[in-house]
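Visitor: Hi, I'm new to this one and would like a quick tour. Can we look at it together?

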Amino acid sequence: MFLELTIYLIENTKSLKACIFVIAINQNKNEMKDGTKRGDIHPGLVVKIVLKADQRSGKLTEGVVKKLLTNSHLHPHGIKVMLEDGQVGRVKEIIE
């Protein structure tokens with residue numbers, strides 16, 4: 001999740017000793033889904049995955065999800081899927 005952090009300094013005009021920091025966090029509505037949440041992925045979705053053989057280089061392969069292979073709700077390295085062409089890898093990007 002991408003968060004934009006803005007810090008505002010508000011000074012008390014009667015006493016310079018008192019300063020209040022207000023932190024406002026705004027979630028970016030155009031955040032890119034990174035493929036770590038199972039709920040974001042479903043069959044028929046176009047995704048970019050990293051194949052086991054390409055983990056060192058980070059080369060991404062684009063395809064359409066046929067089947068979800070990871071059972072847990074979250075996975076830090078990406079949900080494992082099988083593409084319609086039979087290739088298996090972890091989702092790194094969801095193409096919308």
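Visitor: Let me jump right in: which residue in S4 is the bridge partner of Ile49?
Guide: That's Thr61. Keep in mind that this is a predicted model. The two strands involved are S3, residues 46-51, and S4, residues 60-68, and they pair in the antiparallel sense over five bridges.

Visitor: And what stands opposite Ile49 in S6?
Guide: Val91 does. S3 and S6 run antiparallel too, with five bridges joining them.

Visitor: OK, zooming out. How many helices and strands are there in the protein chain?
Guide: Zero helices and six strands. Read from the N terminus, the elements go β-β-β-β-β-β.

Visitor: What do S3, S4, S5 and S6 close into?
Guide: A barrel, in the order S3-S4-S5-S6, with antiparallel pairing. On average, neighbouring strands of this sheet are turned by 70° against each other, ignoring direction.

Visitor: How many bridges join S4 to S5?
Guide: Three, and those strands run antiparallel. One pairing to look for is Leu68, whose bridge partner in S5 is Val81.

Visitor: Then what do S5 and S6 form?
Guide: They form a hairpin with four residues between them. Gly86 sits in the turn and has a positive phi of about 95°. Three bridges join this antiparallel pair, and Met82 has Val88 as its bridge partner in S6.

Visitor: Which residues of S5 are on the covered face, and which on the uncovered one?
Guide: Val81 and Leu83 make up the covered face, while Lys80 and Met82 make up the uncovered one. As a general point, side chains in a regular strand alternate between the two faces of the sheet.

Visitor: New topic: how many residues does the largest nonpolar core have?
Guide: Twelve, including Ile49, Leu68, Val81, Leu83 and Val91, which have come up already, along with others such as Ile41 and Ile94. S3, S4, S5 (80-83) and S6 (88-94) are the elements that give two or more residues to this core.

Visitor: Which of them gives the largest share?
Guide: S3, with three residues. In general, nonpolar side chains in soluble globular proteins tend to be buried together.

Visitor: What share of the protein chain is buried?
Guide: Buried residues are 24% of the 96 in the chain. The accessible surface comes to about 7,300 Å², and 54% of that belongs to carbon and sulfur atoms.

Visitor: Where does Ser72 lie?
Guide: In the loop between S4 and S5. Leaving out residues up to four places away in sequence, Ser72 touches Arg38 and Ile79. Arg38 is 34 residues away along the chain, yet its C-alpha atom and that of Ser72 are separated by 7.3 Å.

Visitor: Why is Ser72 called partly exposed, rather than buried or exposed?
Guide: Because its relative accessible area is 35%, and partly exposed covers the range between the 20% limit for buried and the 50% limit for exposed.

Visitor: Last thing: what pLDDT does the protein chain average?
Guide: The average is 78, and 67% of the residues score at least 70. Over residues 1-30, though, the pLDDT is below 50. That stretch has 33 contacts in the model beyond near neighbours in sequence.

Visitor: And of the contacts with a separation of 6 or more, what share comes from residues 24 or more positions apart?
Guide: For the protein chain, that share is 43%.

Note on methods
Residues are numbered from 1 along each chain as its sequence is written. This is a predicted model: local features need pLDDT of at least 70, side-chain atom pairs count only at pLDDT 80 or more; totals for chains, interfaces and linings use all residues. Side-chain values use heavy atoms; hydrogens and water are left out. Two strands pair if DSSP finds at least two bridges between them. Axes are lines fitted to C-alpha atoms, for helices over the stretch in contact, and angles run from 0 to 180 degrees between N-to-C directions. A nonpolar core is a set of buried Ala, Val, Leu, Ile, Met, Phe, Trp, Tyr and Cys residues joined through side-chain atoms within 4.5 Å. Buried means under 20% relative accessible area, exposed over 50%, partly exposed in between (1.4 Å probe, protein chains only). pLDDT is the predictor's confidence in each residue, from 0 to 100. Contact means heavy atoms within 4.5 Å. Accessible areas come from the Shrake-Rupley method with a 1.4 Å probe; for residues, only the protein chains shown count as cover.
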